[in-house]
Amino acid sequence: IKKIGVLTSGGDAPGMNACIRAVVRTALHKGLEVTGIYQGYQGLIDGNFKEMDTRSVSNIIQRGGTILKTARCLEFKTTEGRKIAYDNLKAAEIDALVVIGGDGTFTGANFFSKEFEIPIVGIPGTIDNDLYGSDYTIGYDTANNTVIEAIDKIRDTAASHERLFFVEVMGRDSGCIALNAGIAGGAEAILLPEKETAIDDLIRHLEDGAIKKKSSSIVIVAEGDQNGGAYYVAKKVKEKFDHYDTKVSILGHLQRGGAPTSFDRVLASRLGFAAVNEILAGNTRITVGLRGNEIKTTPIEEAISNKEIKLSPDLLEMAEIL
Ligand code: ATP
């Protein structure tokens with residue numbers, strides 16, 4: 001292997017830049033050449049490539065987003081599209097790929113590496129923390145911190161006005177951000193995709209709080225919540241419980257931006273470093289991840305097919321008590 005390509009794909013996540021930097025600098029250090037592929041799989045198909053040197057990744061470790069840009073690419077879902085991508089890689093003499101992204105990115109990589117002779121290592125980068133094989137994905141810690149900062153601010157106004165706030169957070173079908181930020185932010189209740197919460201039970205819980213003279217309440221609603229999201233839940237609660245002035249706040253895309261936390265920068269650097277070493281060791285169709293503070297690999301197929309729920313039982317129990 002003489003030259004590797006690196007790309008970011010799917011949703012952007014803070015820490016992706018730190019990861020690109022680690023991939024580029026590790027590869028250069030080990031005597032490899034590195035090509036940056038712009039706009040994920042779309043860039044593979046369009047041949048949107050740029051040679052990277054050590055300066056190409058200067059001054060990016062602290063920046064959110066991804067300097068390589070990202071895209072959703074339908075053409076890569078077809079064999080014809082992937083054939084064009086492969087021909088472009090061959091023409092550019094790229095011998096192996098590092099892909100940073102989520103579930104969809106890994107699914108594409110799995111097809112690609114089965115159809116064509118190209119070693120691929122995946123790195124989990126998504127704020128959702130919804131991938132098997134790594135306790136944490138790149139961007140998750142930063143997103144949690146962003147959410148907590150927002151909850152703290154909302155709490156100030158909630159308490160001043162005796163308000164009940166329903167705060168909707170990201171995570172797609174995963175409740176990791178909701179559970180974690182709910183506990184760290186001292187939420188009154190947390191509604192998760194993985195767990196059913198009846199609206200009537202929630203109302204009873206809020207009534208208890210009102211009896212105990214709570215001046216305000218914050219309920220965290222995961223975007224994949226089984227009831228149908230913060231607006232719906234707020235409307236249903238208000239129909240039967242109007243002790244507080246009820247407000248809804250959808251945090252939205254601000255959760256995806258911002259400077260990565262120290263944890264995400266180090267995680268991203270470790271995983272980028274590990275991915276290059278795995279390629280040099282001759283491994284392919286794997287992902288690298290952090291498990292119990294050790295870097296471990298997982299077959300890509302397992303990373304996409306294993307839907308094990310990642311919410312810790314102790315956090316779930318605490319959410320009920322605290
Ligand atoms: P996030 O979890 O942050 O959204 P993701 O990697 O899951 O990230 P997707 O948009 O689902 O984001 O996937 C990224 C890209 O991977 C797609 O735009 C597409 O090019 C490719 N991809 C997704 N699913 C497949 C598939 N079934 N076959 C081939 N390629 C796929």
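This is a selection-by-selection tour of a predicted model.

Residue numbers start at 1 in each chain and follow the sequence as written. Because the model is predicted, local features need pLDDT of at least 70 and side-chain atom pairs count only at pLDDT 80 or more, while totals for chains, interfaces and linings use all residues.

**Whole chain.** Select the protein chain and colour it by secondary structure: there are 11 helices and 11 strands (DSSP runs numbered from the N terminus, H or I of at least four residues for helices, E of at least two for strands). The radius of gyration, taken over C-alpha atoms, is 22 Å, close to the 20 Å that the globule rule gives for 322 residues, so the chain is as compact as a globular protein of that length. The rule is 2.2 Å times the number of residues to the power 0.38. Along the principal axes, the C-alpha atoms fill a box of roughly 70 × 35 × 35 Å. Buried residues account for 48% of the 322 (buried: 20 or more other C-beta atoms within 10 Å of the residue's own; exposed: 12 or fewer; partly exposed: in between; C-beta atoms placed from the backbone).

**Ligand.** Next, select the ligand and the 18 residues around it (C-beta atom, placed from the backbone, within 6 Å). Gly 10, Gly 11, Gly 102, Gly 104 and Gly 108 come nearest. Helix 4, residues 103–115, gives the most to this shell, with six residues. By class the shell has four nonpolar, 10 polar and four charged residues; Gly is counted as polar, and Asp, Glu, Lys and Arg as charged.

**Four-stranded sheet.** Now select strands 7, 8, 6 and 9, which form an open sheet in that order with parallel pairing (pairing takes at least two DSSP bridges). At the edges are strand 7 (189–191) and strand 9 (245–250), each pairing on one side only. Neighbouring strands are turned by 20 degrees against each other on average, direction ignored (axes are lines fitted to C-alpha atoms). Strand 7 is joined to strand 8 (residues 217–222) by three bridges; in one pair, Ala 189 has Val 219 as its partner.

Add helix 5 (residues 140–161), which packs on the sheet and touches strand 6 (163–169), strand 8 and strand 9 (contact: C-beta atoms, placed from the backbone, within 7 Å). The helix direction makes about 165 degrees with that of strand 6, on a scale from 0 to 180 degrees between N-to-C directions, with the helix axis fitted over the stretch in contact.

**Lys 240.** Finally, select Lys 240 in helix 8 (residues 230–240). Is Lys 240 buried or exposed? Lys 240 counts as exposed because it has 12 C-beta neighbours inside 10 Å. Its C-alpha atom is 8.9 Å from that of Asp 200, 40 residues apart along the chain.

Note on methods
Two residues are in contact if their C-beta atoms, placed from the backbone, lie within 7 Å.
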